[in-house]
Protein chains: 2
Amino acid sequence: MANKTVIKILSDNNLKITPQRTAVLEVLMGLDNHPSAENIAEYLRMNFPHIPLATVYKILDVFVDKGIIKKVQTDNNQMRYDFVTENHHHLYCPEKELIEDYYDKELEELISSHLAKKTIPNFRIKDIQLQIIGEFINENK
Amino acid sequence: MANKTVIKILSDNNLKITPQRTAVLEVLMGLDNHPSAENIAEYLRMNFPHIPLATVYKILDVFVDKGIIKKVQTDNNQMRYDFVTENHHHLYCPEKELIEDYYDKELEELISSHLAKKTIPNFRIKDIQLQIIGEFINENK
DNA sequence: ATAATTGCAAAAGCTTTGCATGGCC
DNA sequence: GGCCATGCAAAGCTTTTGCAATTAT
């Protein structure tokens, strides 16, 4: 039986509770890897040996639609997915294809208050994504 | 005969000067559209009716390697390309698939001085990309 | 019961690769 | 002349689509 939090998230979003959905959501909540659809499928195969990738994609699409998760773009045209917790940004290392969360409340505040003052003409801001691109050093990753 | 600036950029980067390369670079410098490879090919076809997409991709790869242009990612897994001028960020409207440059020196300064103070452990910053996601309103676009 | 979700197979879309031909330095 | 870039065709990968079968409410 699946975890209560997961079930609550699904029902709060008016989504039918299926074993596949709870499994996908559990994987996403358990990883901070920003997994790709394929990565997620690998984990799922522990419980669902034959789950089709297409199903994973369909589930991910629904979750993105509902705002439960976010798509994170990399520069090698593969989407990666991120369970939405609090606002955060990303450290991205193209070389090693690593994405790590970067929490920085102060920076968050700085940017959003700046943009609140500025107001960009003809544009309504929905979200702000900061990608700090660089290189992880010395961290056996 | 191609534009002098274009030729200088290519030779400064130790790239052989070919008609295809100068044409691609001219297109990129002329557009502020953040075109996809396909978009670029469309423009090129005015002068090279049969240029293969593969060639365009190869040229774009070389330019990205040299830092002449940047890849910009969207959320529909198609790469788009941006001639590198000064530092700027992007307004991105997923709905209309529009990307617009956003110049804001003050914000630039705010972020980079903040990150200079902070120093993120085990990470060497190479670049900062801010995507402001939202919706263009009332601007017949 | 019925509307939504899953599974499967096939297709679509973007991008890359390999190799022969041709062009730049 | 030597090496790099181009052109072409084919393949590769990720993601999407359609539809029948199954399942949740």
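The paragraphs below lead through a predicted model of two protein chains and two DNA strands, beginning with how the chains are related and ending at the DNA. Residues are numbered from 1 along each chain as its sequence is written, and chains are lettered from A, with ligands numbered from 1, in the order in which they are written. Because the model is predicted, local features need pLDDT of at least 70 and side-chain atom pairs count only at pLDDT 80 or more, whereas totals for chains, interfaces and linings use all residues; side-chain values use heavy atoms, with hydrogens and water left out.

Chain B is superposed on chain A by a rotation of 180 degrees with 0.0 Å of shift along its axis, at an RMSD of 0.1 Å, the fit being by least squares on the C-alpha atoms of residues with pLDDT of at least 70 in both copies. That is the relation of a two-fold axis, and in chain B the C-alpha nearest this axis belongs to Leu130(B), at 2.2 Å from it. The copies meet through the same surface, because 97% of the interface residues of chain B are also interface residues in chain A.

Within chain A, helix H1 covers residues 4-12, where helices (H or I, at least four residues) and strands (E, at least two) are DSSP runs numbered from the N terminus. Val6(A), Ile7(A), Ile9(A) and Leu10(A) of this helix are buried, that is, under 20% relative accessible area, with exposed meaning over 50% and partly exposed in between (1.4 Å probe, protein chains only). These residues lie on the same side of H1(A), because they cover an arc of only 160 degrees around the axis, the arc being that of the directions from the helix axis to the C-beta atoms. The buried residues of H1(A) pack against helix H2 (19-30), helix H4 (53-66) and strand S2 (79-83) of chain A, with contact meaning heavy atoms within 4.5 Å. Just after H1(A), Asn14(A) takes a positive phi of about 55 degrees.

In chain B, Asn13(B) is placed in the loop between helix H1 (4-12) and H2. A polar atom of the Asn13(B) side chain lies 2.8 Å from the backbone oxygen of Ile9(B), a polar contact being a pair of N or O atoms within 3.5 Å; within protein, one must be able to donate a hydrogen and the other to accept it, and residues adjacent in sequence count only if both atoms are side-chain atoms. Neighbours within four places in sequence aside, Asn13(B) is in contact with Lys66(B) and Ile68(B).

Turning to the DNA, 22 residues surround strand D, of which Tyr57(A), Lys58(A), Met79(A), Arg21(B) and Lys58(B) come nearest; a residue is near a strand if one of its heavy atoms lies within 4 Å of it. Sugar and phosphate account for 73% of the atoms of DNA strand D that come within 4 Å of the protein. A polar backbone atom of Met79(A) is 2.6 Å from a phosphate oxygen of this strand, and a polar side-chain atom of Arg21(B) is 2.7 Å from a phosphate oxygen of DNA strand D. H4(A) gives the most to the surface near DNA strand D, with five residues.

Around DNA strand C there are also 22 residues, among which Thr18(A), Arg21(A), Lys58(A), Tyr57(B) and Lys58(B) come nearest. Polar side-chain atoms of Thr18(A) and Arg21(A) lie 2.6 Å and 2.7 Å, respectively, from a phosphate oxygen of DNA strand C.
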